[in-house]
Amino acid sequence: MFNFIKDFLSDRSFQVKIHNYLSPSFSQQNGVPQGSTISVTLFLIAINDICENIKFPVQSTLFADDLNILCRGKNPNSIQPALQDTIDSLLEWSSKTGFTFSATKSRCSLFTRFRKYNNLEVHLNNTPIPYTKTIKILGITFDNKNTWQAHLKEIRKATLIKLNIIKLLAHTTWRANGTTLKQIYKSLILSKLEYGAFLYIDAKQSALKMIETIHNSGLRLATGAFRSSPISSILNIANTLPLDLRRMQNFALQEARRIQNNITSNLENSIKLNNFEFNCSGIFKHEHATTPPWLMELHFNTDLSQHIKSETMDYTFRNLTLSLLEDYQDYTKFYTDGSKTEIGVGASVYFNNTSKMIKFPDFCSIYTAEAYAIYHALETIQQLNIDKAIILSDSLSTINSICNINQPNAISSMIQNRIALLNHNNQDVMLLWIPSHTGIHGNETADTYAKRAITSPEASLVQICSLGDIKGAIQSLTLQQWQHRWTSSHTKLNEIKPSINPWPTHTSKRRHEVIINRLRIGHTWLTHSFLMRHDDPAQCTTCGEALTIKHVLLHCRNFTDTRTSLNIPEHLYEALGPDYENSINILTFLKITKLYNLI
Ligand SMILES: [Zn+2]
C-alpha cells in the first residue's frame, strides 16, 4: 500500500489536449493528481497537521483547503500580533510542506460593534492581506456587524433569478402541475433560502423579509394564485410552512442532532421552540460498538413471523410458540411489551411473576417503548446474573433493528453493546418474536401492564427518547403553531378551509388546478384586477353588490338557473371543498356562465 501511494505521488507529469493539439509535458512538483478517488484523502492527510501551527488564543476552522484563523479580544491591537505570529508560523510550515498561500486570495476582517476602529493590518510574506467588511466562508457571507444584510441580499439576488424558471414552467401550456412546480421550487430555491439558516435565526425581521418574499412568490407561482392573494392563504393552499417556522423547525432539529452527538454548547440539553421547551438530556446518544460486527453474536428467532397472522388460528400460534420454547426450558422468560395511546406511552417487562412498569414522555413512539423494554430486560438479566434468558417480544421491527449489526440506530447499538457485555460474562440471551393478542399468557400480562403503566402511579417515569421521537414532536409543534396562526387570520379561505391540512388535488389539468386554487383563495382576475388598475372595487351591475366569488357562485341573480341545474351547494365551504364532484360542477358552471376565462 505504501509503495503504491509513493509511486502514485512521485514522478508525475501532465499534458493538456485541445482537439488534436497536445501541449508539452509539465512535471508536477507537488500536489496530488486531480480527479482520482484517493487524491482527496491524500490531500486531507497532507493538510491535516496545519492546525498544529495555530496556538491559543488564535483558533481555526478547516474544510478541505479552506482555512480560517480567528482571534477574539477586547482590543484590535492585542489581536493583531497573535494573528501575525500565527500567519508567520503557517508560512514556515508551508515552506516545509510545499503548500503555498496566496496573499491576494486571502482576506481579513474585524467583527465588532464599535463604530470607530483601526483596520487590521496583517501581512503574508510582506504583502498586506486585503481588508474587507464581508467574508464568504463555505457559501455564507459574514459581515463585520453581524447584521446578515449582505448574505441575505446575496441569496435574494441568486434566488430571484431562479424564480423566472418557475414563472416559465408555470405557464399553462407546459402542463406542469402544482406538485411538480412545488418540487422544483423546493430543490432550486428553498434549498438556497435554508442553507445555513440557523446562523441568522436572530437577524432583524426587516432583513429576513428580503428572503421571505421570495418564498411567498415562489409558492404563489407554483399554486397559480392571483397576485393580490393573501400570503397566509397561498401558503395554506401550497401546504408549505411559512419560512420563519421552517427556520425554527430546522434549527430545533439540528440542535437535537447536536445534543445526540454530544457536540453542543447547550448545557441544559434542551431545545426551545417559541413558547415550548423540550428536555433532550435523555435522548439516546450514539454509542460506539464495543464489539466489532464480525465478532458480535446475536441469538434471535423470528420464524413465527413467516405465518400470516390473519390466516393462522390463535391456538396454532400458541402451539408453535410452546414447541419453540421447548428448546429453552432452562431459560428465564422475559416478556416485554409497549403501548401507546392518546394519553401516553408505557412499557412493561414481565418475568418470574413480577412485572416492571415504565412510563415515557408523551411524544415517544411505540418503537422507543418496545426497544427500551428489551433494554430494561437486559439490565435486569445483568443485575440478577441470570445465566440463560429468553426475551419474548411481539415487536418484529424492534427485533429486526436490534439484529441490524452493520448500521444500528442509537437504541439498537445500546442494546447490542449490552448483549455483548452479557456474552462476555458467559450469560446467554435469546430474542424471540411472538405474535401479539393470541392468548400467550406472558405476552397478555405484559400487554396489560404496558397499558397500565401509562396511568399507574407505580410506573417509573424515564425521561428518554430517540432522535426520531424528538423530530416528530418538533414537527407536530411547528404544525400546531402554523394552525394557530391560520385560525387567527381572517382571509376568505378561512371560511372554506379552517385547517392547514392539505386537500387532495383531483385534477391533472393545470388550468383547472389554478382556477380552483384562485376560487378558494377568493382572489381572481374578475374580482381583484381593479387593484392592479388602481380602480374602485368591482360591483355586480345586476345586483349592485360587491363582486366577490361568494356572490358569483352562490347569490348572483344572473346565474340562478345554471346554479340550480348543476346542483351547486349553498355553502361556499361545500362548493369549493375537497369534494371532486363539486369541483367539476363549479368548473362547468364557470364555462356555462362564460366566467371561465375571467378567473
Ligand atoms: Zn350579481
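**Exercise 1.** Which residues in helix 8 meet which residues in helix 14? Describe how the two helices pack.

*Solution.* The model is a predicted one.

Step 1, the contact. From helix 8 come Leu245, Met248, Gln249, Ala252, Leu253, Ala256, Arg257 and Gln260; their partners in helix 14 are Leu467, Ile470, Lys471, Ile474, Gln475, Thr478, Gln481 and Trp482.

Step 2, the character of the contact. Nine of its residues are nonpolar, five are polar and two are charged.

Step 3, the geometry. Two packed helices are described by the angle between their axes and the distance between the axes. For helix 8 (residues 243-260) and helix 14 (residues 467-487), the angle is about 160° and the axes are 10 Å apart.

Step 4, the orientation. Angles over 145 degrees count as roughly antiparallel. Helix 8 and helix 14 are therefore roughly antiparallel to each other. Their crossing is right-handed.

**Exercise 2.** Find which residues of helix 7 are buried and what they pack against.

*Solution.*

Step 1. The buried residues of helix 7 are Ser232, Ser233, Ile234, Leu235, Asn236, Ile237 and Ala238.

Step 2. That makes seven of the eight residues in helix 7 (residues 231-238), so this helix is largely enclosed by the rest of the structure.

Step 3. Helix 5 (178-194), helix 6 (205-223), helix 14, helix 15 (492-496) and helix 16 (510-521) pack against these buried residues.

Step 4. After helix 7 comes Asn239, with a positive phi near 50°.

**Exercise 3.** Describe the stretch annotated as a reverse transcriptase domain.

*Solution.*

Step 1. An unreviewed UniProt entry gives "domain: Reverse transcriptase" for residues 1-142.

Step 2. Residues 1-142 are 29% helix and 20% strand, with 43 Å between the end C-alpha atoms.

Definitions and conventions: Residues are numbered from 1 along each chain as its sequence is written. This is a predicted model: local features need pLDDT of at least 70, side-chain atom pairs count only at pLDDT 80 or more; totals for chains, interfaces and linings use all residues. Axes are lines fitted to C-alpha atoms, for helices over the stretch in contact, and angles run from 0 to 180 degrees between N-to-C directions. Helices (H or I, at least four residues) and strands (E, at least two) are DSSP runs, numbered from the N terminus. Angles under 35 degrees count as roughly parallel, over 145 as roughly antiparallel, 65 to 115 as roughly perpendicular and the rest as oblique. A crossing is left-handed if the near helix is turned anticlockwise from the far one by less than a right angle, and right-handed if clockwise. Two residues are in contact if their C-beta atoms, placed from the backbone, lie within 7 Å. Ala, Val, Leu, Ile, Met, Phe, Trp, Tyr, Cys and Pro count as nonpolar, Asp, Glu, Lys and Arg as charged, and the others, Gly among them, as polar. UniProt positions are given in the numbering used here, feature names are shortened, and annotations may be inferred rather than shown by experiment. A residue is buried if 20 or more other C-beta atoms lie within 10 Å of its own, exposed if 12 or fewer, and partly exposed in between; C-beta atoms are placed from the backbone.
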